[in-house]
Amino acid sequence: MTLNVATRDAYGDALVNLGKKRNDVVVLDADLSGSTKTSKFAKAFPERFFNIGIAEQDMMGTAAGLAVGGKLPFASTFAVFATGRAWEQIRQSICYPNLNVKIVASHAGVTVGEDGGSHQSVEDIAVMRVLPHMTVIVPADGVETTQAIEAVAEHKGPCYVRTGRNKVPTLFGPDYAFKIGKAHVFHEGKDAAIIAAGIMTAEALKARDILKAEGIDAGVINMSTIKPLDTGAVLEAARRCGAIVTAEEHSIIGGLGGAVAEALSESAPAPLVRVGIKDVFGSSGDCDGLMKHYGLSAGDIAAAVREVIKKKKR
Amino acid sequence: MGITQEQLQALKDRARRMRIDILKALSGCGSGHTGGSLSAADMVAALYFYKMKYDPKKPDWKGRDNFILSKGHAAPLLYTVLAHAGFFDPAELCTLRRLGSRLQGHPDSKHLPGVEISTGSLGQGLSVANGLALAHRLDKAPNRVYAVLGDGELQEGQVWEAAMTAAHYKLDNLCALIDNNGLQIDGPVAKVMGVEPITDKWRSFGWEVFDIDGHDMGQIVAALDKADAVKGKPTAIVCRTVKGKGVSLFEGKVEYHGAAPSKEELAVAMKELDEAVCK
């Protein structure tokens, strides 16, 4: 697969387009606009861009006030600071009053790379997902990011969108239609279904090819909306394939794997193996090396599928 | 805007009657924050009955000025002033803190018209006020934004992040009132974690600062008028107040930070407030 565009770049461009269409769109950043790509909006619409400095808590509160004042604020910084440093501000000033604030974070997961564990957010999905009123979206490529940004702008209420640092393959064609809360089934599969999000969807598609050569038919489902979860798609896959693997660049606790486990255990129990960060922090390294080190490669997903099929046969 | 002696007298009486309703609501519920509701009553009465533009029949009216109670535990004060201003029937005040009530323990903007944003977790209101002030500026609208903060609340780091932001963006449509009653839950602010010199701090952060007696209605009104004229920077009015002001039983008593008056205490308080001659 060729690498095309980083989801953060797609975000930056989508914001500019949104800014052209709607003059109520305002953007805030906490001294990382060059990295989150909100700098593109800042250049196009300087009067509607507010750099709050290295003060994420204040940024979230200011975004809340702009929303009360009738604006559509997008607040961006690295995922670890957006959701960790300012979690309680998001809870009290954005989610509790159910305000129309969009938090779009970049540099999520271990593929931040060399900056290391302090900067690699592997908990953000979990801590955003637990907040009432919050919608959580993890787009898989540039096309889906662009559409997700348009969708959250139309959606009333707080949203968290997770983007990444590095270029990723384009998985969706121009006919793709992203919808909040709707999974996209790439392949239905027969023996097991891989439910993936973000950069792991591309890895899941590669894993499917690896398994195909072994005669295993693994389904691939892109679950870009983690909340509200497309429970119907999860249960359908469980009933069809009888075994599920989740794949995410996030802790296996509380993220996509956690959400799928909750859905399965209540309605259609099926064996589940979660591919993700195994309750540890990240570390410095190159992206490919980190993906292998933390067990996030296509080969790791394929191994998880073989493992879950064995559990099924027990 | 000038004020006549009659108007000033009416404001003082309004604050006195608000104190009565605050205490009735608190006592009826049996819990809640007495001291800080009473200490900020005069400044809030002046905001709603002298300074601010609003329409209680249209709480979302675009032309309204905004009030943010950053010290959300003074919710009984906010509810009482909203009821007095006509946002809802004062009879509802007796539902304070009850299951199903719109009058939650701390303000909940989802359910009660007139509450601009939910508060309760300290240190967050000034950031929200900044956002509103920026929105009005983008709209080229004359609306003003007022926020009331506690003095203990100044211990929260986010307050100073917001103080920087307001000065950086020259938010002269923003006015923060600091209710400096000197007490917080664990004791005197000066003992728990000193915040003085308050005026120097705000001034050094780039704000215009007025230091006033927060129970002198004439001084409050004058400071609010002066804040209107400040250009190119936000204004902080440091209101020197007494916790529990208006009822000698509660004045300066840290025990009444988070405690409601008993029936007996309410009776004593009502007598004192009923007989109070507004000076």
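How many residues of chain A are in contact with chain B, and how many residues of chain B are on the other side? In this predicted model, 27 residues of chain A are in contact with 28 residues of chain B. Chain A also has a contact of its own, between domain 1 (3-169) and domain 2 (184-313). Over in chain B, helix H4 (residues 75-85) is worth a look too, with 11 of its 11 residues buried.

**Chain A against chain B**

- About 2,100 Å² gets buried between chain A and chain B, and carbon and sulfur atoms account for 55% of it.
- On the chain A side, Asp58(A), Val68(A) and Tyr96(A) do more than any other three residues, supplying 25% of the area that chain A buries against chain B.
- If you're after charge pairing, the count between chain A and chain B is one salt bridge.
- Lys71(A) and Asp139(B) meet through their side chains in a salt bridge, at 2.4 Å from N to O.
- Polar contacts between chain A and chain B come to 13 residue pairs, with both residues at pLDDT 80 or more.
- Three elements of chain A each give two or more residues to the side that touches chain B: strand E3 (49-51), helix H4 (56-68) and helix H6 (87-95).
- H4(A) gives the most to that side, with nine residues.
- By residue class, the side of chain A that touches chain B splits into 10 nonpolar, 11 polar and six charged.

**Between the two domains of chain A**

- Taken over C-alpha atoms, the centres of domain 1 of chain A and domain 2 of chain A are 25 Å apart.
- Domain 1 of chain A puts 31 residues into the contact, and domain 2 of chain A puts in 34 residues.
- The two domains of chain A bury about 2,300 Å² between them, with 57% of that from carbon and sulfur atoms.
- On the domain 1 side, the residues that lose the most area to domain 2 of chain A are Val110(A), Val122(A) and Arg129(A), together 29% of what that side buries.
- The salt-bridge count between domain 1 of chain A and domain 2 of chain A is one.
- Arg129(A) turns up again in a salt bridge, where its side chain meets that of Glu262(A) at 2.8 Å, N to O.
- There are also 22 residue pairs in polar contact between domain 1 of chain A and domain 2 of chain A, both residues being at pLDDT 80 or more.
- Helix H7 (124-129), strand E6 (135-137) and strand E8 (167-169) of chain A each supply at least two residues of the domain 1 side that touches domain 2 of chain A.
- H7(A) has the largest share of that side, at four residues.
- The residues on that side of domain 1 of chain A sort into 15 nonpolar, nine polar and seven charged.

**A buried helix in chain B**

- Why is helix H4 (residues 75-85) of chain B described as largely enclosed by the rest of the structure?
- Because 11 of the 11 residues of helix H4 of chain B are buried, the helix is largely enclosed by the rest of the structure.
- Among the buried residues of H4(B) are Leu77(B), Leu78(B), Tyr79(B), Val81(B) and Leu82(B), and also Thr80(B) and His84(B).
- The cover over the buried residues of H4(B) includes helix H1 (5-29), helix H2 (35-39), helix H3 (41-51) and strand E1 (66-69) of chain B.
- Just after H4(B) comes Gly86(B), with a positive phi of about 100°.

Key. Residues numbered from 1 in each chain as written. Chains lettered and ligands numbered in written order. Predicted model: local features only at pLDDT ≥ 70, side-chain atom pairs only at ≥ 80, totals over all residues. Heavy atoms only, no water. Domains from an automatic or database assignment. Contact = heavy atoms within 4.5 Å. Buried area = accessible area lost by both parts, 1.4 Å probe. Salt bridge = Lys/Arg side-chain N within 4 Å of Asp/Glu carboxyl O. Polar contact = N/O pair within 3.5 Å; in protein donor to acceptor, adjacent residues only side chain to side chain. Nonpolar A, V, L, I, M, F, W, Y, C, P; charged D, E, K, R; others polar. Buried < 20%, exposed > 50% of the residue type's maximum accessible area, 1.4 Å probe, protein only.
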